[in-house]
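Hi everyone, thanks for making time for this. I'd like to walk you through one structure, a few residues at a time, so do follow along on the screen.

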Amino acid sequence: MDPKFEIASARSLENAIIPASAPERRRRGVDAREYRLKRGFDIVLAAAMLLLLLPVAILIAGLIGLGGKPIFFRSHRIGRGGRRFAMYKFRTMEPDAERRLETYLANNPQARLDYESRYKLKGDPRVTLMGRFLRQFSLDELPQLINVLKGEMSLVGPRPRLLREIADAERYNTRHFEAYYLCRPGMTGLWQVSGRSDTDYHTRIRLDAIYVRQMSLLQDLAILAQTIPVVLLGRGEY
């Protein structure tokens with residue numbers, strides 16, 4: 001599916017069926033059975049994927065270890081109900097990542113503006129050569145299958161936000177940000193199959209909110225199916 005078409009469709013859907021108030025009330029209308037089905041589906045598929053991809057994960061861990069430790073990176077995020085949790089990833093950045101970022105942003109005012117508005121950097125100086133490869137094909141996110149099995153994340157859902165993103169919510173549409181408290185965050189979601197990092201920040205928030213308000217197992221299956229070619233082709237990620 002063409003990313004531009006997906007984003008346009010999502011915007012049309014929001015305008016057509018999502019009123020401007022009471023997002024939580026709409027979320028409560030979801031059949032509780034859908035939650036149980038979704039959780040059961042997550043457990044079965046995540047366990048199968050973890051077993052299937054374990055040799056790949058071991059190889060990646062070994063290669064990262066050759067370049068120095070740590071192998072894994074823990075990033076604190078906000079999940080369902082506003083609970084904090086540690087999201088696991090393979091390390092893709094240099095060990096002194098924060099110092100590199102501060103130096104880079106201090107010398108590049110435009111990059112600072114981009115980072116403050118998107119929380120991402122194109123050509124991020126902190127990312128290692130292997131890290132760029134892992135990120136392009138989302139291999140750095142394999143450890144998040146453990147988060148799924150622990151019940152902290154889902155295979156499909158709104159992307160878990162950084163603590164500072166939630167703190168800065170007033171800069172955006174706070175109504176959309178309410179969606180991040182209403183269900184488990186996901187490894188993939190609506191905006192990841194709508195252009196990934198090529199989409200602007202406002203669009204990503206809006207697409208996450210739309211996903212939550214129309215959440216269903218059928219939609220999850222459709223998003224997972226669309227995720228496969230996006231990841232294999234490495235489109236739209238940096």
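Let's begin with Asp 208, which is found in helix α10. Please keep in mind that what you see is a predicted model. Is Asp 208 buried or exposed? Its relative accessibility is 1%, and the cut-off for buried is under 20%, so Asp 208 counts as buried.

Who are its neighbours? Leaving aside residues within four places in sequence, Asp 208 is in contact with Gly 157, Pro 158, Arg 159, Arg 161, Ala 179, Tyr 180 and Trp 191. Pick out Arg 161 from that list, please. Arg 161 and Asp 208 form a salt bridge, and their closest N and O atoms are 3.2 Å apart. This pair links distant parts of the chain: Arg 161 sits in strand β4, residues 161–162, while Asp 208 is in helix α10, residues 201–213, and the two are 47 residues apart. Like Asp 208, Arg 161 is buried.

Now stay with Arg 161 for a moment, as it takes us to the sheet. Arg 161 in β4 is the bridge partner of Ile 78. Strand β1, residues 72–78, is joined to β4 by two bridges, and these strands run antiparallel. On the whole, three strands make an open sheet in the order β2-β1-β4, with antiparallel pairing. Which strands are at the edges? They are β2, residues 84–90, and β4, each of which pairs on one side only.

The pairing of β1 with β2 is antiparallel too, and it runs over seven bridges. As an example, Arg 74 has Tyr 88 in β2 as its bridge partner. These two strands form a hairpin, with five residues between them. In the turn you'll find Gly 81, which has a positive phi of about 75°.

Back to salt bridges. How many are there in this model? The count comes to five. Another of them joins the side chains of Asp 220 and Lys 38, at 2.5 Å from N to O. Asp 220 lies in helix α11, residues 217–233, and Lys 38 in helix α3, residues 32–66, so this pair ties together parts that are 182 residues apart in sequence. Both Asp 220 and Lys 38 are buried.

Then there is a salt bridge between the side chains of Glu 152 and Lys 150, at 3.5 Å from N to O. Buried or exposed, this time? Glu 152 has 21% relative accessibility, so it counts as partly exposed. Lys 150 is partly exposed as well, with a relative accessible area of 46%.

Next, the inside. The largest nonpolar core has 23 residues, and Leu 155 and Tyr 211 touch the most other members. Elements that give two or more residues to this core are β2, α7, β3 (154–156), α10 and α11. Which element gives the largest share? That is α10, our starting helix, with five residues.

Have a look around Leu 155. Not counting neighbours within four places in sequence, its contacts include Phe 41, Leu 45, Met 49, Leu 145, Val 148, Met 187, Thr 188 and Leu 224. There is also a second, separate core of seven residues, and among them are Ala 57, Ile 64, Phe 90 and Leu 142.

Thr 188 came up just now among the contacts of Leu 155, and it turns up again beside Thr 227. Thr 227 is found in helix α11, and it is buried, with a relative accessible area of 14%. Which residues does Thr 227 contact, beyond its neighbours within four places in sequence? They are Thr 188 and Val 193. The C-alpha atoms of Thr 227 and Thr 188 are separated by 7.3 Å, although the residues are 39 apart along the chain.

Last stop: the surface. Ile 43, Leu 50, Ile 146 and Leu 149 form a nonpolar patch there, with about 270 Å² of accessible area together. Helices α3 and α7 (144–150) each supply at least two residues of the patch. Leu 149 is in α7, and its relative accessible area is 33%, so Leu 149 is partly exposed.

That's the tour. Thanks for listening, and I'm happy to go back to any part of it on the screen.

Key: Residues are numbered from 1 along each chain as its sequence is written. This is a predicted model: local features need pLDDT of at least 70, side-chain atom pairs count only at pLDDT 80 or more; totals for chains, interfaces and linings use all residues. Side-chain values use heavy atoms; hydrogens and water are left out. A salt bridge is a side-chain nitrogen of Lys or Arg within 4 Å of a carboxyl oxygen of Asp or Glu. Helices (H or I, at least four residues) and strands (E, at least two) are DSSP runs, numbered from the N terminus. Buried means under 20% relative accessible area, exposed over 50%, partly exposed in between (1.4 Å probe, protein chains only). Patches are made of residues with over 30% relative accessible area and no salt bridge: like charges are joined within 9 Å, nonpolar side chains (Val, Leu, Ile, Met, Phe, Trp, Tyr) within 5 Å. Accessible areas come from the Shrake-Rupley method with a 1.4 Å probe; for residues, only the protein chains shown count as cover. Two strands pair if DSSP finds at least two bridges between them. A nonpolar core is a set of buried Ala, Val, Leu, Ile, Met, Phe, Trp, Tyr and Cys residues joined through side-chain atoms within 4.5 Å. Contact means heavy atoms within 4.5 Å.
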